[in-house]
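User: I have a model open and want to go through the ligand site. Can you walk me through it?

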Amino acid sequence: MASPRPAGGELVELTAAETIERIGAGELSAEECFEAWLDAAAGDELNAYLWTADRGPRTADSNGPLRGVPIAVKDIFCTEGIPTTAGSRILQGFLPTYTATAVERLAGAGAPLLGKTNMDEFAMGSSNENSAFGPVLNPLDRARVPGGSSGGSAAAVAGGLAPWAIGTDTGGSIRQPASLCGIVGLKPTYGAVSRYGMIAFASSLDQCGPLTRDVTDAALLLRALAGRDLCDSTSIGIDGGVDLPARQDLEGLRFGVPRELSAEAEGIESGVTATFERTLEMIGELGGEVSECELPHSSHALSACYILAPAEASANLARYDGVRYGLRVDGDGDLARMYERTRSRGFGAEVKRRIMLGTYALSAGYYDAYYGQAQRVRTKISEDFATAFERFDYLVTPTSPTVAFELGARTERPLAMYLSDYCTAPMSLAGIPAISIPAGRAEPDGGGPELPVGLQICAPAFGENGLLDAASAIERAIGFRR
Ligand code: GLN
């Protein structure tokens, strides 16, 4: 049955779940859907994509639950025979020989690859300005950053260049760009989704998750992504699977507001605080019980994260030696010189900074003072969450201390850039699930256009089903879906 091909513009208005319904009802074919999204992606003026799919026959199963609605994938996921750079010059020319489990699971569920998205080099950054392939622009204000490190994925979804996307989050890299671009971003529990084929930054923190227009789409993707994978011994999936959110109210649910990550936190913009407070009132109107709580060690999360992640990165990045992957710079017949030249030309400034920091933190004389101490802080932070979850079902904070900032505003000040993860790093260290949903808009401090503000909600480990339910009820009340 031939139905008129919907204009890309119309498709862009739909959530992926709505598109799936239309395909299921025969109003649209999977092929038409794919073509329309290829057209949309071809109009990328944001530098969101590093690679997009060819036209031609598809291998994904459009009978699967995701019905052929294609997915944008952060360029940190290996894709067989398709360029995979992790945003780094050192991987230019690298063609993986296998595909990441996450991408395979999505294809198996009926979501074929639409394109590979730009990102901060090796996922190190909060603005996408650390990509070797140029920054990504925020679709809501092109003079501003989309956040990072999954900035290409966030901008693609928010800018109508992809129906949905996946990214990775080590300290905030899904939630913060989702917040800055006004979409939904979910970091699942550590171990819910396989890391196999996901280029490693900090292996004890990295987690794959969805960036979507709404909470239902995030649940659909998580349902396909989560699962035990024999290729990743830290993956266990989500017991009982993932349900689609159905809850309308928050009756009987207790929400804790950690003082250290809201009222007492330094550097939270006044517009962000005002939006956050309005959202707390809305949670109350929906029947949720809101009260203040404590996460006494959470103000040290960022410091711990920026010791542990570089330490792990310094080990993970040792493999880029010019022999095995991508770039090789000639060493005039000398092996050590080849290594040196390849690494000094292949890595960008932030990656080098992290390798040096991490190597230092792991060195014999300083290991205990830095790495050991950061591990102890990590344990304290996990204990703080465990204590808070004795009294509360969920904790809520602003996702990002600020709305999207201007391109270049923080590139010369790495510590200011690192503060972007102030509210998101604690959950990464504790390995618990956390979601960012659009909560409204606010002006930046000092004036400017109104930009999206994200609300972060977190839950105990493997509490994704309840988390998605609560987030969906709040999302409905906010009515800020598109
Ligand atoms: N922004 C943090 C960093 O630069 C975290 C990045 C991430 O979550 N991948 O390391």
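Analyst: Start with Gly171: one of its backbone N or O atoms is 2.6 Å from an oxygen atom of the ligand. That is a polar contact, a pair of N or O atoms within 3.5 Å. This is a predicted model, where local features need pLDDT of at least 70 and side-chain atom pairs pLDDT 80 or more, while totals for chains, interfaces and linings use all residues. Residues are numbered from 1 along each chain as its sequence is written, and side-chain values use heavy atoms, without hydrogens and water.

User: What does the side chain of Ser173 do?

Analyst: An N or O atom in the Ser173 side chain lies 2.7 Å from an oxygen atom of the ligand. The protein covers 97% of the 290 Å² of accessible area that the ligand has on its own (Shrake-Rupley method, 1.4 Å probe).

User: Which residues are closest to the ligand?

Analyst: Gly125, Thr170, Gly171, Ser173 and Asp421, out of 14 that surround the ligand (a heavy atom within 4 Å).

User: Switching to salt bridges, how many are there?

Analyst: The count is 19, taking a side-chain nitrogen of Lys or Arg within 4 Å of a carboxyl oxygen of Asp or Glu.

User: Which partners does Arg144 have?

Analyst: Asp141, with the closest N and O atoms 2.9 Å apart, and Glu406, at 3.6 Å from N to O.

User: Are Arg144 and Asp141 buried or exposed?

Analyst: Both Arg144 and Asp141 are buried (under 20% relative accessible area, 1.4 Å probe, protein chains only).

Terms used:
A polar contact is a pair of N or O atoms within 3.5 Å; within protein, one must be able to donate a hydrogen and the other to accept it, and residues adjacent in sequence count only if both atoms are side-chain atoms. Buried means under 20% relative accessible area, exposed over 50%, partly exposed in between (1.4 Å probe, protein chains only).
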